[in-house]
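Visitor: Please show me the model, and let us then discuss it by question and answer.

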Amino acid sequence: MQDRIRIALAGNPNSGKSTLFNALTGLNQKVANFPGVTVDSKTGRCSLRNPSTGETIKAEIIDLPGTYSLYPKSPDERIPFQVLCDPDDPSHPDIVVVIADASNLKRSLFLCTQIIDLKKPVVLALNMMDLVREKGLDIDVEGLSKKLGVPVVPIVASRREGLEILKKSIFNAERAFPDDFIDIHQLSPCVLSGIREVVKVNSSYAAFQIANNLEIIPYFSINQEKKDRITGIIREFGFDASKLQVQETLERYKVISSIINEFVTHREIAEKRRITERIDNVLTHRIWGYVFFFLNLFLIFQAVFSWSSYPMEGIQQGFTWLSGLVRMALPAGILNDLLVNGILAGISGIVVFVPQIALLFMFIAILEDTGYMSRVSFLMDRVMKKFGLSGRSLIPMVSGVACAVPAIMSARTIQNRKERILTIMVTPLMSCSARIPVYTLLISMVVPDRMIGGIINMQGLALMLLYLTGFLAAIGAAWVMKLLIKTREKSYFIMEMPVYRMPHWTNVGHTMIEKVKVFLFDAGKIIVAISVILWVLSSYGPKKKFEMINQKYTYPEAISSMPPAEVSNHIQSEKLEASYAGIMGRWMEPVIKPLGFDWKIGIALLTSFAAREVFVGTMATLYSVGSTDVSTASIRDRMMQEKDPADNTRNRYSPAVAISLILFYAFAMQCMSTVAVVHRETKSWKWPLLQIVYMSGLAYLASLCAYQVLS
Amino acid sequence: MKLSELPVGKTGVIISFTDEATSLKLMEMGCLPGEKIIVERIAPLGDPIAVSVSGYMLSMRKEEASTVLVSPAENIKK
């Protein structure tokens, strides 16, 4: 055996696969990248000691996404099939560890015997042996091992029982391979022999799987000529894929039933199920079920919205301190500016999301691990299905009220690809917390700070209406896109409702760490890049103009009338106006004029792409309010004084302009972090670009209507 | 009769499927011809349903359940 082996971990969902993976690899994990798939697969490392030679070898462990069979039901589920059936796949393993829920062996053995028939060395880990004892089942482990022809190891992954034996038995996996469980070759002899001549697979079953999944073949690492030959063989001899799949499934289960009868004895009835039944009587109740669900949503919302604000403030202060330090340590100039305003600003814009992501995924991991998440789908599916969304879409959408970035990452829990994409596409319409400063500023300009009936604050009411607008826009957009996005892939809702159990805290911790890592490193790169671009745009411009501004403020007559602080405010303001962002703002003016916006607002729209709340800061700079005292009131007062350049008797910021601007911020996609995270989650640029186009279009139309009607 | 028509708490035995693609998904999850299937509950909004089959609880939409043909058995709920 080589000194380095690759092991794939395969198993059904809810079989404890992640628990075993975490137990084997600890924190030595990273997320593997499979192009074009929105489902992540993880790899980790561990070292194994060969019991007979005493040597230690390094093992790379691939955690394949949970599946019930090798047949992919959608392109997203193709990874287990592809990795195991393509001998040249970069992730193709030397050994497969199949993990099975021992308390429900029948279905687990379906996947297991499929993998054994691929003629790969297999070790079967029988997990949840504690449940087996509780359930009154008896499994003849040795007999099962002999029958299957592979080592069988009973384990309890959550308590790390049996892991050492499992590690040792990996060295015994290479045995003589048993005969196929079912006679696969006779299902389609000509096609299977033909394929085995083209691809170097060592079993009829691998050839059978390849013939069955032609649409996945483009992803295989074999060359085009071979792919064409396979298609040719199938065209020549004919291969009725779904009919043969049905036949295989039935025959395989027949064999499994006889194996179960021979090696599993049943003594009592299941007790765990009864507890689950009782919990379900409450949690899927027509009243209490929804009360409990909305309590959960409320708790998640509180956590992401308010608990995370403390560490976020800390992070922001930390970065302010660090920026100050860098600014002082380096001589003033381009490098200093780039570091502080470009790179550090970008990094702090990423790190600041960490508390929200960690907290949101803590809750989601608990909901998944306990088995509650499948009940959420059960309760809400009927309503959400109408809008093309899933019952689980509510969690991302509600989290989106705090921030779209963690919310979009949490759409992962939606299995159906179309429903997941739709959820990702509409979540940024939910009114996120970065819109609050913008809304507060603009609302205070149009809505009087008065009470209705002594209790309801009108500005508060306006804010609430905006939240409602966001939600309605989101489900409306989902409904429209449901009709527009066509998928050939058939969508299933069929899923397991697992038995309730206590969450495994190590799994919860691992999920939190993994999500934070993925965000920091995958989405982070894009965010820093955009941040630097925005910095260049807003701090550089044609040289001549910048020199003129610098010169102008060296003349004593230009500055004698104002205090020194105001001078630097004016310099900043004029420089922003002269910068490339300012030039782009002027270019944009004809386009945004029908919305009631001028080029100054154009600049703010551009810089808001860093984060929506930047609008307030940009306005402060443009109107020379000064960065030292950026209070909403002072900016508002300054903006209210601004007169319309065309007509000096009218205010620049009329109610029509303010409302048009509010609507623009409600709908437009102005957040580079969201763009980056949508790219990360959909693994393509198509979806984030579509999102920018449709949201900006929506924003433009809404503002246009509002301004034209009101002015 | 169709699985979607089986009342809550009643047991049926799976006879066959009317949709090949859906049947594959159902079969690999343990819904096999000859297997006993019990409708455990219906979601408060009327869809989906939860069934017990070969030791698991599965949930599926009524639309999917209507592709499963069952023969109602005597109520022998375990």
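Visitor: Which residues of H14(A) are buried?
Guide: This is a predicted model, and a residue counts as buried when its relative accessible area is under 20%. The buried residues of H14(A) pack against helix H13 (309-329), helix H15 (354-370) and helix H22 (505-539) of chain A. The buried residues of H14(A) are A:Asn336, A:Val340, A:Gly342, A:Leu344, A:Gly346, A:Ser348 and A:Ile350.

Visitor: How far apart are the end C-alpha atoms of helix H14 of chain A?
Guide: Helix H14 of chain A covers residues 334-351, which is 18 residues. At 1.5 Å a residue the expected span is therefore 26 Å. The computed separation of the end C-alpha atoms agrees with this, at 24 Å.

Visitor: On which residue is the kink in H14(A) centred?
Guide: The bend in H14(A) amounts to about 35 degrees. A:Leu344, which is among the buried residues of this helix, marks the centre of the kink: the residue is A:Leu344.

Visitor: What span does helix H20 of chain A reach from its first C-alpha to its last?
Guide: Helix H20 of chain A runs over residues 435-446 and has twelve residues. Its buried residues include A:Arg435, A:Val438, A:Tyr439 and A:Met445. At 1.5 Å a residue, 16 Å is expected, and the span in the model is close to that, at 17 Å.

Visitor: What percentage of the residues of chain A count as buried?
Guide: Chain A has 32 helices and 14 strands, and its C-alpha trace spans about 100 × 60 × 55 Å along the principal axes. Among its contacts between residues at least 6 apart in sequence, 73% join residues at least 24 apart. Of the 711 residues of chain A, the buried share is 54%.

Visitor: Is A:Gln209 buried or exposed?
Guide: A:Gln209 is placed in helix H8 (residues 204-212) of chain A. Not counting residues up to four places away in sequence, A:Gln209 touches A:Leu70, A:Tyr71, A:Phe81, A:Cys85 and A:Gln114. Its relative accessible area is 0%, so A:Gln209 is buried.

Visitor: With which side chain does the side chain of A:Asp598 make a polar contact?
Guide: A:Asp598 lies in the loop between helix H26 (580-592) and helix H27 (599-607) of chain A, and A:Asp598 is buried, with a relative accessible area of 11%. Its side chain reaches the backbone nitrogen of A:Ile601 at 3.0 Å. Leaving aside neighbours within four places in sequence, A:Asp598 is in contact with A:Glu589, A:Ile592 and A:Arg652. The side-chain polar contact, at 2.9 Å, is with A:Arg652.

Visitor: How much area do chain A and chain B bury between them?
Guide: The size of an interface is often given as the accessible area lost when the parts come together. Here 39 residues of chain A are in contact with 37 residues of chain B. Carbon and sulfur atoms carry 59% of the buried area, which comes to about 3600 Å².

Visitor: How many salt bridges are counted between chain A and chain B?
Guide: There are 18 residue pairs in polar contact between chain A and chain B, both residues at pLDDT 80 or more. On the side of chain A that touches chain B, the elements that each supply at least two residues include helix H10 (241-263) and helix H16 (373-385). A salt bridge joins the side chains of A:Lys385 and B:Asp47, at 3.2 Å from N to O. The count of salt bridges between chain A and chain B is four.

Conventions
Residues are numbered from 1 along each chain as its sequence is written. Chains are lettered from A and ligands numbered from 1 in the order in which they are written. This is a predicted model: local features need pLDDT of at least 70, side-chain atom pairs count only at pLDDT 80 or more; totals for chains, interfaces and linings use all residues. Side-chain values use heavy atoms; hydrogens and water are left out. Helices (H or I, at least four residues) and strands (E, at least two) are DSSP runs, numbered from the N terminus. The expected span of a helix is 1.5 Å times one less than its number of residues. The bend at a residue is the angle between axes fitted to the seven residues ending there and the seven starting there. Buried means under 20% relative accessible area, exposed over 50%, partly exposed in between (1.4 Å probe, protein chains only). Contact means heavy atoms within 4.5 Å. Buried area is the accessible area (1.4 Å probe) that two parts lose on being put together, summed over both. A polar contact is a pair of N or O atoms within 3.5 Å; within protein, one must be able to donate a hydrogen and the other to accept it, and residues adjacent in sequence count only if both atoms are side-chain atoms.
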